Amino acid sequence: MPEQDFTDYIDRVGGHLGDRTTLYQSVAAHTGARRVLYPGSYLDLAPSYHWPDVTYLDADARARKAFRGPDATTLATRHKQYPAHPRIAFVPGDYTHTLAELPTAEWDLAISLYAGPVSEHATRCLRPGGWLLANNSHADAGLAHLDPRYRLAAVLHRRSGHYRLSTDDLDRYLQPRRPPHPTREQLHATGRGTAYTHPATAYLFRLDPHTRER
C-alpha cells in the first residue's frame with residue numbers, strides 16, 4: 001500500500017540523515033514557515049507532519065504512484081503537529097525543468113537533501129526572506145554559500161538520533177579544510193560537497209529579503 005511505502009521510507013532513512021521528523025520540527029519552529037517546496041523528495045512525507053502546505057517534486061515512478069490518491073494526506077493527518085488540514089501537492093518530473101514552470105516567490109522554505117543543486121533552481125520560487133534547508137552531500141550547501149543572495153542563518157547537528165539547531169559562531173562553518181573554497185563551476189564538476197573544518201549535518205540559509213527574481 002502507498003501509505004506503507006511512506007512509512008517504510010521514513011523508518012529506513014536512518015542510513016542518511018536519520019529520522020528527519022525532528023530535523024523538520026526544529027526548522028519549522030525556527031522559521032515559522034508555512035508553505036514548503038521539496039524538490040527531489042522521493043517518499044519523504046515527514047515535512048507534512050510539521051508544515052501544513054507542502055509541494056513535493058520527484059521524477060521517480062514510485063513517488064508518483066505513492067503520492068497519487070488520498071494515502072499521503074491520510075498519513076499526514078494522523079501525524080500532523082498543526083491544527084490545519086494538510087495540503088499536499090505533487091509535481092512529477094525532473095526539478096531542473098519543473099521548477100521553472102512553477103510560480104515565483106510563492107514558498108517560504110525550500111528543502112534540498114541529497115537531491116543535487118536544488119537551490120539554483122528553487123530560489124526563484126522562494127519569497128524574499130524565505131529559507132533554504134540544505135545539506136552538503138551534493139554540494140548544495142556550498143553552492144548556497146557562494147550565492148550572494150543567501151546568508152547562513154543556522155546549522156543543525158545530529159546527536160543520538162535527534163537534531164539540535166544552533167545559531168552560534170556561524171562564521172566558523174563552511175570554511176574549507178583546504179582553502180580556497182571551490183568555485184561554483186568546480187562544485188558542479190565534482191558533484192559533491194567540499195570538506196569543511198566544522199561540518200554540520202544540515203545548513204539553514206536565509207534569502208535576502210530584498211531579492212527579486214533576476
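The following exchange concerns the fold of a predicted model and the setting of one residue, Thr98.

Visitor: How many helices and strands are there in the chain?
Guide: This is a predicted model, in which local features need pLDDT of at least 70, side-chain atom pairs count only at pLDDT 80 or more, and totals for chains, interfaces and linings use all residues. Residues are numbered from 1 along each chain as its sequence is written, and side-chain values use heavy atoms, leaving out hydrogens and water. Helices are DSSP runs of H or I with at least four residues, strands are runs of E with at least two, and both are numbered from the N terminus. By that rule the chain has nine helices and eight strands.

Visitor: Why is the chain described as compact as a globular protein of its length?
Guide: The globule rule is 2.2 Å times the number of residues to the power 0.38, and the radius of gyration is taken over C-alpha atoms. For 214 residues the rule gives 17 Å, and the chain counts as that compact because its radius of gyration is close to this, at 16 Å.

Visitor: Is Thr98 buried or exposed?
Guide: Thr98 lies in helix α6, which spans residues 95-98. Buried means under 20% relative accessible area, exposed over 50%, and partly exposed in between, with a 1.4 Å probe and protein chains only. Because its relative accessibility is 10%, Thr98 counts as buried.

Visitor: Which residues does Thr98 touch?
Guide: Contact means heavy atoms within 4.5 Å. Not counting residues up to four places away in sequence, Thr98 touches Leu57, Val91, Pro92 and Gly93.
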